[in-house]
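Take a moment to turn the model around before reading on. We will go through some charged pairs and then visit a pocket.

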Amino acid sequence: MNYNKSIRLFAEAQKYIPGGVNSPVRAFKSVGGNPIFIKSANGAYLFSEDGNSYIDYINSWGPMILGHNNQKVKQAIINQLENGTSFGTPTELETEIAKLIIENVPNIDKIRFVSSGTEACMSAIRLARGYTQKDKIIKFEGCYHGHADSFLIKAGSGALTFGSPDSLGVTQDNAKNTLVATYNNLDEVKELFKHNPIAAVIIEPVVGNMGCVPPKEGFLQGLRDLCDKNQAVLIFDEVMTGFRLAFGGAQELYGVNADLVTYGKIIGGGMPVGAFGGKEEIMNCLSPLGGVYQAGTLSGNPISLSAGLAILKELLHNKNIYKTINETTRYLDTEISNILTKKGIPFTTNRVGSMFSIFFTKTEVTNFKTASLGNNNVFKKFFHHMLQSGVYLPPSSYESWFISLAIKDIELEKTYLKAFGFNKY
């Protein structure tokens, strides 16, 4: 494939944008090479500025569950454009989508819209602290909740060791209130509760930011029980999993209710959006009812919510969508696994619903440490082989694939047949 225009565009972008990108993973640092500049997308495909087409297994990192350029979502946006793009006032649309979510998602009494997943998680933490009147939170190594200071904390050397900033600009004073545990390790969480007053536990119930990593049986319920026992708020970060794993997200799939849930991605149909919701007694602590302040000029933007409402209605009224994309993902997993097995390449796969990852290690991947055992050199070779073959994968071994309804048998066949040409050497 020819990448000359993307190379030129990246060189130009680096003159004006830090690193040439507006989100770090887009720079291809994890896999090497030059990022591909996309011009358009439709259905299951991305089309680059170089004139190349790619079967897309990122789908804008999750929101394009129906595929790109879905006509119902597109028409909803066009219809709203006729009425205006932003008002800074209440709209009936905000209430309509809030009502739809509350009536169909477990344990959501009230919801507030924001403009990003980062903003949703940041606001949920502030709300939990205000509600409990406690400062410390527990997060899990390898889980990503956006780039707010409270979340950019790496684990200490042991379960009771304070974490430290994982980014320049994050202060140690901020880091001291974020405790970091190992995902799927309930004993570590128990120890942290034993020695600290905890305001909240925040977790990706199914991780998508160290590859797809599911919770072990009983882990989420164990967190629920610990939070109940210690009067802490359990926060599910469902920015990725919300409305993807089921309409009610991981709460519905695993039968465990959180106190607060954060959303993004699908809830905006691909437009910038976020939301957080949960129990009424907690949500009523928000200004203007309570003392926890949170605001946003473009919160509840009508363009974003019109796209989100269209996609949520489609998912709600056609539950076969979940069955179809889950089966597509299972088939993809099976076929690629068969190919890698025949080639004698060490690997393991994780799959939950329409989220999927390949790790080039034989070790079962259950947390960040085991995810880090994957052979990144093999992943780089696999990524570039598939890219050259017209298959666009996440440009990092620590990111989940997201399968869309637009991926049909022909795309699956093209994908796994291309994998036959892959050689780890």
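Is Asp333 buried or exposed? Asp333 counts as buried, because its relative accessibility is 8% and buried means under 20%. Keep in mind as you look that this is a predicted model.

Asp333 has a partner to look for. Arg351 forms a salt bridge with Asp333, and their closest N and O atoms are 3.0 Å apart. This pair links distant parts of the chain: Arg351 belongs to strand β13 (residues 348-352) and Asp333 to helix α11, with their positions 18 residues apart in the count. Arg351 has a relative accessibility of 35%, so this residue counts as partly exposed.

Stay with helix α11 for another pair. The side chains of Arg330 and Glu327 meet in a salt bridge, at 2.6 Å from N to O. Both residues lie in helix α11 (residues 320-342), 3 residues apart, which is about one turn of the helix. How open are they to the surroundings? Arg330 is partly exposed because its relative accessible area is 32%, and Glu327 also counts as partly exposed, at 41% relative accessibility.

Now move to a pair with lower residue numbers. Here the side chains of Lys15 and Glu12 meet in a salt bridge of 3.2 Å, N to O. Lys15 counts as exposed because its relative accessibility is 59%, where exposed means over 50%. Glu12, with a relative accessible area of 37%, is partly exposed.

Salt bridges can also join up into something broader. Arg224, Asp228, Asp259 and Lys279 are linked in a network of salt bridges. For the model, the count comes to 11 salt bridges.

Let us turn from charged pairs to empty space. Rolling a probe the size of a water molecule over the atoms shows where such space is left. The second largest pocket has a volume of about 520 Å³. To find this pocket, look for Glu94, Arg112, Phe113, Ser299 and Gly300, which are the closest to its centre among the 24 residues of the lining. Two elements, helix α3 (92-104) and strand β4 (110-114), each give two or more residues to the lining of the second largest pocket.

What kinds of residues make up this lining? The residues divide into 10 nonpolar, 12 polar and 2 charged. With Glu94 and Arg112 among the residues closest to the centre, you can start there and then follow the lining outward on your own.

Definitions and conventions
Residues are numbered from 1 along each chain as its sequence is written. This is a predicted model: local features need pLDDT of at least 70, side-chain atom pairs count only at pLDDT 80 or more; totals for chains, interfaces and linings use all residues. Side-chain values use heavy atoms; hydrogens and water are left out. On a 1 Å grid over the protein atoms alone, a cavity is a set of points where a 1.4 Å probe fits but cannot get out, and a pocket is an open set with protein on both sides within 12 Å along at least five of seven lines; lining residues have an atom within 4 Å of a point. Grid points are joined across faces, edges and corners, and a volume is the space filled by probe spheres set on the points. Helices (H or I, at least four residues) and strands (E, at least two) are DSSP runs, numbered from the N terminus. Ala, Val, Leu, Ile, Met, Phe, Trp, Tyr, Cys and Pro count as nonpolar, Asp, Glu, Lys and Arg as charged, and the others, Gly among them, as polar. A salt bridge is a side-chain nitrogen of Lys or Arg within 4 Å of a carboxyl oxygen of Asp or Glu. Buried means under 20% relative accessible area, exposed over 50%, partly exposed in between (1.4 Å probe, protein chains only).
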